[in-house]
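Dear colleague,

I am passing on the structure below, and after it you will find my notes on what turned up when I went through it. Please read them with the coordinates open beside you.

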Amino acid sequence: MHRPIDGPGHGAGDGAGRGPVPVPPPYRSHPLPGAGPAGPAGPWTGDGVPDPGRVDPRVLAALLARHGWRRRGGAAGRYGRWTPPGAGPGGGTSLLVPDSLAFPDSEELIGEALTALARSATPSAREVLTGLAVPSDEVRWWRDGPVGPAGTVPWPVHEQLRSAARKVLLAGALAVRGRAGYHGSRHRAAARAALEPVVVAADPAGRALTAFLPVPPGRPVAVRLYHALHAAREAVDYQRATGGMDAFDSAVEAGVSRELTDALVALVRGTEGVRVALAWAPAAGVPDGCAARPEPVEFSPGDLPALREASARYLTDEPSVPVRITGAVVRLRRSGPRGEGTVKLRVLGGADVGHVRATLDEEAYRTAGHAHLVGLPIRVVGRLESRGGFRRLADASGVVPVQVDEAERDRLMKSLHEDLDFFEEACGPEEQG
């Protein structure tokens, strides 16, 4: 039920028409019953449930309420009786949860409640245990649309929801790194690293998805998404009411970007509407500047024109960035034995991107080629252009080799020998992208 939101082998194309590039899963699983230590709420007992002596009953009650459990009586000021979603007042499994640890039987009651949750067939029971394993903020997506037998949705539709949800999270993580209308390839590695602890739980019918962002390190992403989603909703309302796009410009400071608007388009497309809601980890409290119980943010197919227009606007309006990059030359190409040529650099410093391409004059190209052959990086000055996702360096100049220590040089030389097939001056056309 809990698994990474994306699996290996589902990467985007490599830009050269060679098909998907395998990528590692961006998220890992929370500790689950029987899986070892469980962070602040653990460790787990041998029965596969959290240690009841380390579970705050107020946190347990808050998680039960969040996931649809209902409190139906109990001794006032001592304990509450909780029933799962959909259960009537007198039927189904019930849990006795103490109001505090002040009573002699509190720990025993918590232990019985946790054991019952671990054995329960109710999907939300595992979500409650996950919230206890590692205090996590939750982001939940719901989609409205046609359903199949027994309220289920087709597998491709569910995969669309998972993919769009991942894009929303990535947009939030990018906004934490910096405000921009278009991030392109900038900050991607850091954003993906910030999402590694995130796990998801899918509704059995495939119509809802919940992401758990551990606190820390995931709270900055959750807070940024809270502000960005509300700002996007307000900007769409303004555009639909007035036709103006000014609200999208100011929404950048809240974290709205081309990446987020594209994610929302992917989320809404083919549905009758979607809702996105955030809930804060009870054990961590409410972050500053956020509502204690945020209302879901809703988007509908009628919002798609505004979101698409904003996406195109962000792409064209984001300015180029002046940089001085240090990078290892990994590819060279020019059409003849003389004249200018194109190089591809693996960025070592100066810009938060993985690779850039630059067109160099004949002398600079020769300098880059020599550096490539002896395993030295080069330093080059220019402007990162938003066109192409900040992967191209315009007006490149000042190319000089950079001295490195022997260990680094040996590593670069090894990389060179491993990449001989890509020495494109001799081996074929440059890949596009």
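Strand S10 (residues 321-333) and strand S13 (residues 378-385) run antiparallel to each other and are paired over seven bridges, with Pro322 finding its bridge partner in Arg383 of S13. S13 also pairs with strand S14 (residues 392-401), again in the antiparallel sense and here over six bridges, and in that pairing Ile378 is matched with Pro401 of S14. S13 and S14 make up a hairpin in which six residues lie between the two strands, and one residue of the turn, Gly388, has a positive phi of about 90 degrees. Please keep in mind throughout that this is a predicted model.

As for the chain as a whole, its secondary structure comes to 12 helices and 14 strands, and 48% of its 433 residues are buried. Among contacts with a separation of 6 or more, 65% are between residues that stand 24 or more positions apart. The accessible surface amounts to about 19,800 Å², and carbon and sulfur atoms account for 52% of that area.

Turning to the interior, in soluble globular proteins nonpolar side chains tend to be buried together. The largest nonpolar core in this model holds 56 residues, of which Trp141 and Leu169 touch the most other members. Helix H6 (residues 219-242) supplies the largest share of this core, namely 11 residues. Another core, of 24 residues, lies apart from it and includes Leu332, Leu360, Ala364 and Leu393.

The charged side chains are the remaining topic. Side chains of opposite charge can pair when their charged atoms come close, and a search of the whole structure finds 20 salt bridges.

One of these joins Arg71 to Asp99, with the closest N and O atoms 3.2 Å apart. Because Arg71 lies in strand S2 (residues 70-71) and Asp99 in the loop between strand S4 (95-98) and helix H2 (106-119), the pair ties together parts that are 28 residues apart in sequence. Arg71 counts as partly exposed at 40% relative accessibility, and Asp99 is likewise partly exposed, with a relative accessible area of 26%.

Arg78 and Asp105 form another salt bridge, in which the closest N and O atoms are 3.4 Å apart. Here Arg78 sits in the loop between S2 and strand S3 (79-83) while Asp105 belongs to the loop between S4 and H2, so this pair ties together parts that are 27 residues apart in sequence. Arg78 is partly exposed, its relative accessible area being 31%, and Asp105 is partly exposed with a value of 25%.

Within a helix, the side chains of Glu159 and Arg162 meet in a salt bridge at 3.8 Å, N to O. The two residues are three apart in helix H4 (residues 155-177), which means that about one helical turn separates them. Glu159 counts as partly exposed at 30% relative accessibility, whereas Arg162, with a relative accessible area of 6%, is buried, since it falls under the 20% cut-off. Finally, Arg233, Asp237, Arg240 and Asp303 are joined into one network by salt bridges that share partners.

With best regards

Note on methods. Residues numbered from 1 in each chain as written. Predicted model: local features only at pLDDT ≥ 70, side-chain atom pairs only at ≥ 80, totals over all residues. Heavy atoms only, no water. Core = buried A, V, L, I, M, F, W, Y, C linked by side-chain atoms within 4.5 Å. Buried < 20%, exposed > 50% of the residue type's maximum accessible area, 1.4 Å probe, protein only. Helix = DSSP H or I, 4+ residues; strand = E, 2+ residues; numbered from the N terminus. Contact = heavy atoms within 4.5 Å. Areas by Shrake-Rupley, 256 points an atom, 1.4 Å probe, with all protein chains shown as cover. Salt bridge = Lys/Arg side-chain N within 4 Å of Asp/Glu carboxyl O. Pairing = 2+ DSSP bridges.
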